[in-house]
Amino acid sequence: MAYSAVLGIRKVSALGISRVLQADKGSLWRFQLESEFGVSLRLDFLTRNYRKNSGPPKFDFTGTEATSKFDFTDLTCPHTWYPIARKKKRKVILHVGPTNSGKTYRALKHLEKSSSGVYCGPLRLLAWEVAKRLNKANVPCDLITGQEKELKEGATHKAVTVEMADVTSVYDCAIIDEIQMVGCTQRGFAFTRALLGIAADELHLCGDPAVVPLVEDILKVTGDDVEVHTYERLSPLVPLKEPVSSVSSIKTGDCLVTFSRKDIYAYKKIIERAGTHLCSVVYGSLPPETRTAQATRFNDETNDFDVLVASDAIGMGLNLNISRIIFSTLQKYDGTGTRDLTVSEIKQIAGRAGRFQSKFPTGEVTCLHKEDLPLLHASLKSPSPLLERAGLFPTFDLLCRYSLAHPKDGLYQILEHFVENAKLSSNYFISNVDDMMKVAAIVDELPLGLQEKYLFVVSPVDVNDEISGQGLAQFAQNFSKTGVVRLREILAADRVKVPKTPTELKELESIHKVLDLYVWLSLRLEDSFPDREVAASQKSICNLLIEQFLEGNRLNSPTRVSRYLRRQKF
């Protein structure tokens, strides 16, 4: 069992709670789950069980009585969902080009000069960076993400994650960064919502040229004016003809890219064992604060951490002074199977080498294995395949209206049948909501209203992470029972220490996800999740301990950790 160092496990019933987690004497944290409500930790099986128990579909999507003429599943005209934006004739400017071409820089210049505006990015890291940039330029800017709300006095601008985009306000200027993510199977609907719903005089879209025909087609029905500005890369990117055959060939400024957590730490160990370089690491499950700290350390020429080992998480959101990208493989596991990287993925990652005006103005890219070079070279020469459809998902209003017409259906059933029966135009697909449905199956077992269930379903929980999934289950249970969730009832500091192994590190990263989820919920249900400051301080402790592990105990002393912990409130 992957979590045996931290968790004591006891099975209960199939549809009752399947795990009770308690700390052993050596654990970092105590994670307790005790409940009378039915919650299954094995979420991958839970959805299947729920389908089996719910029986065959028995639903009429025409509604009844007052809603009898309303087709809830007709999603063919999503532009009509945003009446405020439709009152404007927006000027939409597409800034498209490869990585490191200055397209977002140009759009941000327009935002700085505007009387009011919003930046919508795919990552918290990008929202942080833009808010910092605008405030430094004396343009007061609020930072609003799922987990932060930092408001500046007199602010006329906002930097937000795309899911937090406000489609009820009016702006002079707006930016949607990485607009090609409308094609993302899971998050694409959030970019589509921003594209159709943001009411701005000027809407700047930054991304890959592959998205242009789709955006132009989508906006034909909105009456917006569309311009396309194409950019070329500002610094050369040179694909090498020879692979990097051994660790001894690794040099300062290199970034070795691999696609599993296990391989990242294996390569880090091999490189550092050679005695010439120390490695920073960046991958998706690291907390954003830690990723930023690792990137900063790699960019700092005054320390010895001069090589980066990373996943495709470097593809956006971090400014990195990389001389050479080295692919350890051109295949990745995507949750269902191992596949070759797409042309877009290869170009996005490779393009991180040779940042304009950095120490390495010319970027290089190669592989560890010679047999991968033909695919690398062919991909870099090829245009990205055109995006054909954008993600879409019904608004909460539609889900609510359907629920009123079918009051016996749980949220799981509502989501399932929207997905199976939705009518779409050729420009859209229904986003993959498998993870949402796993959470819906949990909250449907609890005495919660539809809006409360929906809140848990759209929360940033990693349902494929055992500890994170248990955290959400416990939060939902406690909320349904008492209306108040105290963090101390769920998580308690217990022999807090630096993790000694990658397994312990993974457990600590999972605990960070639980704390992050608590903060997210506290910003929406403030009275019910009152321990936001405690969660934030414990997140800071997690970040410090993770950094301590990644730095190999070189830069942070145990004394510093102890002093930091004494200042925190538990």
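**Reading contacts in a predicted model**

Trainee: What makes α12 count as largely enclosed by the rest of the structure?

Mentor: Of the 11 residues of α12, 8 are buried, so the helix is largely enclosed by the rest of the structure. This is a predicted model, and each residue is called buried when its relative accessible area is under 20%. The buried residues of α12 are L411, Y412, Q413, I414, L415, E416, H417 and F418.

Trainee: How do you know whether V443 is buried or exposed?

Mentor: V443, which lies in helix α13 (residues 434–443), has a relative accessible area of 0%, and because this is under 20%, V443 is buried. Its C-alpha atom and that of A473 are separated by 8.0 Å, although the two residues are 30 residues apart along the chain.

Trainee: Let us turn to charges. What makes the side chains of K251 and E364 a salt bridge?

Mentor: The N to O distance between the side chains of K251 and E364 is 3.9 Å, and since the cut-off is within 4 Å, the pair is a salt bridge. The two residues belong to distant parts of the chain, with K251 in the loop between β12 (237–239) and β13 (254–257) and E364 in strand β19 (residues 363–367), 113 residues apart.

Trainee: Why is K251 called partly exposed?

Mentor: K251 has a relative accessibility of 36%, which is neither under 20% nor over 50%, so K251 counts as partly exposed. With 23%, E364 also falls between those limits and therefore counts as partly exposed.

Trainee: How do you know that the side chains of D254 and R324 meet in a salt bridge?

Mentor: Their N to O distance is 2.6 Å, and as this is within 4 Å, the pair meets the rule for a salt bridge. Again distant parts of the chain are linked, for D254 is in strand β13 and R324 in strand β16 (residues 324–327), 70 residues apart. Both D254 and R324 are buried.

Trainee: What distance makes D462 and K513 a salt bridge?

Mentor: It is 2.8 Å from N to O, which is within 4 Å, so the side chains of D462 and K513 form a salt bridge. D462 lies in the loop between α14 (450–457) and α15 (466–482), while K513 lies in helix α16 (residues 502–522), so the pair ties together parts that are 51 residues apart in sequence. D462, at 27% relative accessibility, counts as partly exposed, and so does K513, at 22%. Salt bridges that share partners also join R124, E148, E289, D516 and K539 into one network, and the structure holds 28 salt bridges.

Trainee: Now the aromatic rings: how many aromatic pairs are there, and why is the pair of F189 and F393 called what it is?

Mentor: The count comes to 12 aromatic pairs. In the pair of F189 and F393 the ring centres are 5.7 Å apart, which is within 6.5 Å, and the planes meet at 50 degrees, which is neither under 30 nor over 60, so the pair is tilted. F189 lies in helix α5 (residues 188–197) and F393 in the loop between β20 (390–392) and α11 (396–405), so parts 204 residues apart in sequence are tied together. F189 counts as partly exposed at 24% relative accessibility, whereas F393, with a relative accessible area of 7%, is buried.

Trainee: What makes the rings of Y402 and F418 edge-to-face?

Mentor: Their centres are 5.8 Å apart and their planes stand at 75 degrees, and because that angle is over 60, the pair is edge-to-face. Y402 lies in helix α11 and F418 in helix α12 (residues 411–421), so the pair ties together parts that are 16 residues apart in sequence. Y402 and F418 are both buried. Elsewhere, ring pairs link F456, F475, F479, Y518 and F529 into a cluster.

Trainee: How do you know that the charged end of R524 sits over the ring of W520?

Mentor: The charged end of R524 is 3.8 Å from the centre of that ring, and the distance part of the rule asks for within 6 Å. R297 likewise lies over the face of F305, at 3.7 Å from the ring centre.

Trainee: Finally, how do the axes of α15 and α16 cross?

Mentor: They come within 8 Å and cross at roughly 30 degrees. Since angles under 35 degrees count as roughly parallel, α15 is roughly parallel to α16. The crossing of α15 past α16 is right-handed.

Definitions and conventions: Residues are numbered from 1 along each chain as its sequence is written. This is a predicted model: local features need pLDDT of at least 70, side-chain atom pairs count only at pLDDT 80 or more; totals for chains, interfaces and linings use all residues. Side-chain values use heavy atoms; hydrogens and water are left out. Helices (H or I, at least four residues) and strands (E, at least two) are DSSP runs, numbered from the N terminus. Buried means under 20% relative accessible area, exposed over 50%, partly exposed in between (1.4 Å probe, protein chains only). Rings of Phe, Tyr and Trp (its six-membered ring) pair if their centres lie within 6.5 Å; planes under 30 degrees apart count as stacked, over 60 as edge-to-face and the rest as tilted. A charge sits over a ring if NZ of Lys or CZ of Arg is within 6 Å of the ring centre and within 35 degrees of the ring normal. Axes are lines fitted to C-alpha atoms, for helices over the stretch in contact, and angles run from 0 to 180 degrees between N-to-C directions. Angles under 35 degrees count as roughly parallel, over 145 as roughly antiparallel, 65 to 115 as roughly perpendicular and the rest as oblique. A crossing is left-handed if the near helix is turned anticlockwise from the far one by less than a right angle, and right-handed if clockwise.
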